[in-house]
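Trainee: Got a minute to go through this one with me? I'd like to ask about the contacts, the strands and the empty spaces.

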Amino acid sequence: MDLWRLVVAVVLSAAILHSAVVSAENHHVFLDWEVSYALRSPLGVAKRVIAINGRFPGPLLNLTTNDVAHVNVVNTLDEPFLLTWNGLQLRRNSWNDGVAGTNCAIPPGENWTYVFQAKDEVGSFFYRPSLGLHAAAGGHGPIRVNNRPVIGFPFPRPDGEFDLLIQDWYNMDAAAMKDRLDGGRGLPPPDGVLINGMGPYGAELAFEAGRTYRLRVSNVGARTSLCFRVQGHKMLLVEAEGAYTTQKLYASLDVHPGQSLSVLVAADQPPRAYYMVVSSLFVGPELYGVGTVRYAGANEHPPSGNAPLDDRSSHNSYNRSMEQAKSIRMNLTAGAARPNPQGSFHYGQINVTRTLLLRNDESVIGGRRRCTVNGVAFANAATPLKLADYFRIAGVFTVVSGWPERRNLTLGTVAIDAAYRDFVQIVFENTLPSMQTWHLDGYSFFVAGMGWGKWSPDARSTYNLVDGMYRSTVQVYPMSWTAVLVYLDNEGMWNLRSQNFERRYLGQELYLKVSQGNSSEVPDPRDEMPMPFNALLCGKAKSLGSWYKAGPRPE
């Protein structure tokens, strides 16, 4: 252990000195966020929600490429709390990912400061709670990562921007939802749809005729795919989760749980009020959230006529939705955070070094309904996997192959051991008759293909190996598969999860441990940042903090 301490101290000293030199060139953003309970009634029924600085939804996290964010989270709840940064890659820094497998929770009455950099990123994202069913109570907010002034847009700069957080909503308290799932029952259909935390006709956007606006839309809901549209206006899709898209006009766009996108809307219609509609997909009864787009000088309130709600048959089709998904492609000639074109990385020409096949299902394990991946329902351990791996604590998690195996269905704390800089194919196979959505922290991936039925290696002949969308959250349709390709160039312990709250809570998640394979060495800080000096320690790692925290601390 003495040698290990010496190595850690030396590496930390070098890393801190290097970080001080590098970070001096970047802009730092310091924020204090108080997390508290509040009562809100967006659908007319009072519910205890999670607010940030008294706001529901929470405040905008507004960054520019390469900014370093310092977010001090003060937990005034009566239970532990964590935030995660959906879509941000947190380069070399899974220490700040904010999920139970990487971070000890912030105890009630205490605070903890996240520090992370929006390294080489632009785009539209969001943050939200990650523990239990907290996310069903709110605690979410938008994230913008803006271009540096020296990097242009692949479209005319918009005259204004709006963040739109859309979601299904349960009047049921999050604690009651948890009790229902713990008792073996599923969640009922949601009670409605919200736009920016508001119920029917509450959300309003102000347009001026002749101007163009960027709408950054994120589905922060519990489980429901949503269709977004603006009455009488076409939407030009330009970006999704940090990658610029080929520019195509849409009358409506599907946004699945956990996904984000940006559209440009031209205020080119007669100046009056128009409806903004968000409708549920693939569930019954169909639900609607309705807001207003109001042109300057328009006197009518609300918009004249009925909201355009009567087009269910044209929207609730899995085939239509999949075709739309395949039509969303990456803009190969545009630069994103850097001036070099997005298409300069020819992913279709790289040999796949490994294939992971992740099959989701439902089963009864130990007398309770569980949701599984390859036969395992994930169970969080008292010790985060990241800490167990760092301190080499045995018995916390089990390494699995990432392929369906003949095994007894079981609960487990599992991770897939993956090699740094491997180029991996991940196939998500959905055996259930309902939608699924998957998200990988720390990465974006190329969406190569989708198809009905079971996946086979022959499906590669149908892949888009040229301009597949590069994003971090992807949908998998009922009884179908989705294949993505990912270059594992970000060391760390990264959460791979269902974006359906119910399924994740019941076990559909795991971790991807990306490393260079030598557990006897401290990671090179150029590949992975050292453990933060303010890291919270818990579980089997709690007693190891005394010697670690005696090491050097940044100024």
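Trainee: Let's start with Asp159: how exposed is it, going by relative accessible area?

Mentor: Keep in mind that this is a predicted model. Partly exposed covers the range between the buried limit of 20% and the exposed limit of 50%. Asp159 falls in that range, so it counts as partly exposed, with a relative accessible area of 45%.

Trainee: And which side chain does Asp159 meet in a salt bridge?

Mentor: The partner is partly exposed too, at a relative accessible area of 37%. The salt bridge has an N to O distance of 3.7 Å, and the cut-off is 4 Å, so the pair counts. The side chain that Asp159 meets is Arg211.

Trainee: How many residues apart in sequence are the parts that this pair ties together?

Mentor: Look at where each residue lies. Asp159 is in the loop between β8 (141-146) and β9 (160-169), and Arg211 is in the loop between β11 and β12. The pair therefore ties together parts whose separation in sequence is 52 residues.

Trainee: Arg338 also forms a salt bridge; what sequence separation does that one span?

Mentor: Arg338 pairs with Asp120, and the closest N and O atoms are 2.7 Å apart. Arg338 sits in the loop between α4 (318-327) and β20 (354-365), while Asp120 sits in the loop between β6 (111-117) and β7, so the parts tied together are separated in sequence by 218 residues.

Trainee: Are Arg338 and Asp120 buried or partly exposed?

Mentor: Buried would need a value under 20%. Arg338 has a relative accessible area of 45%, and Asp120 comes in at 27%. Arg338 is therefore partly exposed, and Asp120 likewise counts as partly exposed.

Trainee: What about Arg497 and Asp441, buried or exposed?

Mentor: Their side chains meet in a salt bridge at 2.9 Å, N to O. The pair links distant parts of the chain, 56 residues apart, with Arg497 in strand β32 and Asp441 in the loop between β27 (436-440) and β28 (445-452). As for accessibility, both Arg497 and Asp441 are buried.

Trainee: Which residues are joined into one network by salt bridges that share partners?

Mentor: The structure holds 24 salt bridges. Some of them share partners, and those join four residues into one network. The members are Arg144, Glu161, Asp163 and Arg216.

Trainee: On to strands: which residue stands opposite Leu236 in β17?

Mentor: Strand β17 covers residues 260-266, and six of its seven residues are buried. Strand β14 (residues 235-240) pairs with β17 in the antiparallel sense over three bridges. Opposite Leu236 in β17 stands Leu264.

Trainee: How many bridges join β12 to β17?

Mentor: Strand β12 spans residues 212-219 and runs antiparallel to β17. One place to look is Tyr213, which stands opposite Val265 in β17. The number of bridges joining β12 to β17 is seven.

Trainee: Which strands stand at the edges of the open five-stranded sheet?

Mentor: The order is β11-β19-β18-β13-β16, with mixed pairing. An edge strand has a single partner, so one of its sides is left without a neighbour in the sheet. That puts β11 (204-207) and β16 (253-255) at the edges.

Trainee: Which residue in β19 does Val278 stand opposite?

Mentor: Strand β18 (residues 273-280) and strand β19 (residues 288-295) run antiparallel, joined by seven bridges. Val278 stands opposite Gly289.

Trainee: How much space lies in the second largest pocket?

Mentor: Its lining has 42 residues, and among the closest to its centre are Ser130 and Tyr505. By class, that lining has 24 nonpolar, nine polar and nine charged residues. Elements that each supply at least two lining residues include β7 (123-129) and α6 (501-505). The space in the second largest pocket is about 850 Å³.

Trainee: Last one: how much space lies in the largest cavity?

Mentor: A search of the whole structure finds three cavities of 30 Å³ or more. The lining of the largest one includes Trp403, Arg407 and Glu509, and β25 (414-419) and β33 (509-515) each supply at least two of its lining residues. By class, that lining has eight nonpolar, two polar and two charged residues. The space in the largest cavity is about 100 Å³.

Definitions and conventions
Residues numbered from 1 in each chain as written. Predicted model: local features only at pLDDT ≥ 70, side-chain atom pairs only at ≥ 80, totals over all residues. Heavy atoms only, no water. Buried < 20%, exposed > 50% of the residue type's maximum accessible area, 1.4 Å probe, protein only. Helix = DSSP H or I, 4+ residues; strand = E, 2+ residues; numbered from the N terminus. Pairing = 2+ DSSP bridges. 1 Å grid on protein atoms, 1.4 Å probe; cavity = no way out; pocket = protein on both sides within 12 Å on 5 of 7 lines; lining within 4 Å. Points joined across faces, edges and corners; volume = space filled by probe spheres on them. Nonpolar A, V, L, I, M, F, W, Y, C, P; charged D, E, K, R; others polar.
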